[in-house]
Amino acid sequence: MRADRIHSVEHARRLARRILPRVVFDYIDGGAEDEVTMAANVQAFREIALRPRMAMKVPRPDLATTVLGTPLRLPVLLAPCGLTRLMHPEGAAGAARAAGAAGTVSILSTVAGTAPEDLSGIAGPRWFQLYAADRDTAVALIDRAGAAGFGGLMVTVDTPALGKRERDLRNGVAPPLRLDARSAIRLGSQVLSRPRWTASMGLAGVKFKRRSATNPPGSGPSPSFPNPLSPAGKVAMGASPFSWDDVSWLRSRWTGPLVVKGVMSGDDAALAADAGADCVVVSNHGGRQLEGAPATIRVLPEVVEAAGKRVAVLVDGGVRRGADVVKAMALGACAVLIGRPYLYGLAIAGQAGVERILAILEEEMERTLILMGCPGLGELDGSWLQPT
Ligand SMILES: Cc1cc2nc3c(=O)[nH]c(=O)nc-3n(C[C@H](O)[C@H](O)[C@H](O)COP(=O)(O)O)c2cc1C
């Protein structure tokens with residue numbers, strides 16, 4: 001499908017639902033338990049109103065910014081996401097190319113299904129997101145990420161256990177999903193009813209051979225990239241129990257920017273700063289982990305207040321419009337991350353689909369700022385939001 005047919009993130013979601021087997025769409029689209037936190041992320045952005053100033057005659061706003069010393073053309077980063085090669089054969093490589101073309105950062109998940117080495121030829125800034133069950137695994141992974149040219153290290157701290165994702169349970173799969181003959185049979189009619197996806201995966205399967213979709217192509221230096229089907233990999237998928245001591249220890253091992261993802265209070269943001277982090281991401285994992293956690297945009301002001309002078313603050317969860325990015329930045333975020341929006345684009349058209357999603361958000365941001373009478377991102381603060 002042509003990427004230029006997509007006209008909004010929600011439209012991309014509907015198109016992706018038509019293309020993907022239900023089991024894969026639900027893996028992307030679903031959240032934990034009753035999906036209350038997941039829905040709250042989106043709803044909370046809708047409840048924040050903008051406060052425009054009229055007759056300002058603003059020029060076309062510049063969306064460029066700098067995050068952790070990296071200049072970005074767009075303040076929208078691609079969040080780390082697992083199993084991206086189930087969505088499209090290009091997987092994380094397609095997403096990284098799209099981020100590079102749009103002038104932003106892509107973040108490779110430990111369990112993306114693509115090895116760090118496989119992105120080394122792709123232009124653009126990249127960070128590596130770490131899951132690890134123990135320090136030996138962590139060292140092996142971050143050494144590989146550093147050698148493969150990843151500038152930033154992101155540690156996800158909200159995954160001491162895996163959230164209860166009931167759509168996956170209802171579909172008869174518990175992560176990690178596999179793309180092999182046995183699982184194809186299990187997915188049965190779902191797969192056959194999506195011939196385009198099946199054909200593209202079949203062609204890609206020539207390359208996968210009999211490996212799981214979560215195995216990296218190519219051979220990285222030993223010790224190998226953790227296969228989530230191995231005992232160690234299962235732990236990494238299901239439980240990555242980092243403590244603040246571990247974060248301090250990682251700080252001593254990693255010389256580049258260190259980002260802590262999954263902070264949901266001012267107190268934890270201060271602890272992350274104490275542990276040596278350069279940046280925190282206010283995140284509830286897109287509502288996929290702790291059901292009952294608040295919407296991230298509601299927590300952002302507390303985190304900015306507690307630690308915004310010591311660390312850069314990013315936020316993710318529920319960003320679906322350019323106006324949402326504007327709202328997050330007015331509340332003190334340096335930039336946002338998106339997860340599902342770019343995965344829908346990836347599913348539809350690979351790299352081109354992700355580029356299209358980023359272009360849509362960019363255009364919406366520009367239009368929003370012009371309609372608000374705001375000359376640029378640097379001017380944004382709470383005065384551009386309607387008091388509640
Ligand atoms: C399919 C999927 C897989 C994800 N895998 C990871 C992961 O491997 N590591 C991680 O830190 N976060 C992961 N996340 C969470 C995202 O990084 C991000 O926090 C979340 O998607 C943001 O919410 P949004 O989808 O509403 O934009 C995943 C999210 C989705 C939707």
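**Helix packing and ligand surroundings**

In this predicted model, helix H3, which spans residues 36-47, packs against helix H12, which spans residues 296-307, at an angle of about 70 degrees and with the two axes 8 Å apart. Because angles from 65 to 115 degrees count as roughly perpendicular, H3 and H12 are described as roughly perpendicular to each other. The model also holds a ligand, of which the protein contacts and the burial are set out further below.

**Contact of H3 with H12**

- On the H3 side, the residues that take part are Asn41, Ala44, Phe45 and Glu47, and they meet Thr296, Ile297 and Arg298 of H12.
- By residue class, this contact of H3 with H12 divides into 3 nonpolar, 2 polar and 2 charged residues.

**Surroundings of the ligand**

- The ligand is surrounded by 25 residues, and the closest of these are Pro80, Ser109, Thr156, Asp316 and Arg320.

**Polar contacts and burial of the ligand**

- In the side chain of Gln129, an N or O atom lies 3.1 Å from a nitrogen atom of the ligand.
- Lys261 likewise places a polar side-chain atom 2.9 Å from a nitrogen atom of the ligand.
- With Gly318 the backbone is involved, since a polar backbone atom of this residue is 2.9 Å from an oxygen atom of the ligand.
- The ligand taken alone exposes 600 Å², and of that area the protein buries 99%.

Note on methods. Residues numbered from 1 in each chain as written. Predicted model: local features only at pLDDT ≥ 70, side-chain atom pairs only at ≥ 80, totals over all residues. Heavy atoms only, no water. Axes fitted to C-alpha atoms, helices over the stretch in contact; angles between N-to-C directions. Helix = DSSP H or I, 4+ residues; strand = E, 2+ residues; numbered from the N terminus. Parallel < 35°, antiparallel > 145°, perpendicular 65-115°, else oblique. Contact = heavy atoms within 4.5 Å. Nonpolar A, V, L, I, M, F, W, Y, C, P; charged D, E, K, R; others polar. Near = heavy atom within 4 Å. Polar contact = N/O pair within 3.5 Å; in protein donor to acceptor, adjacent residues only side chain to side chain. Areas by Shrake-Rupley, 256 points an atom, 1.4 Å probe, with all protein chains shown as cover.
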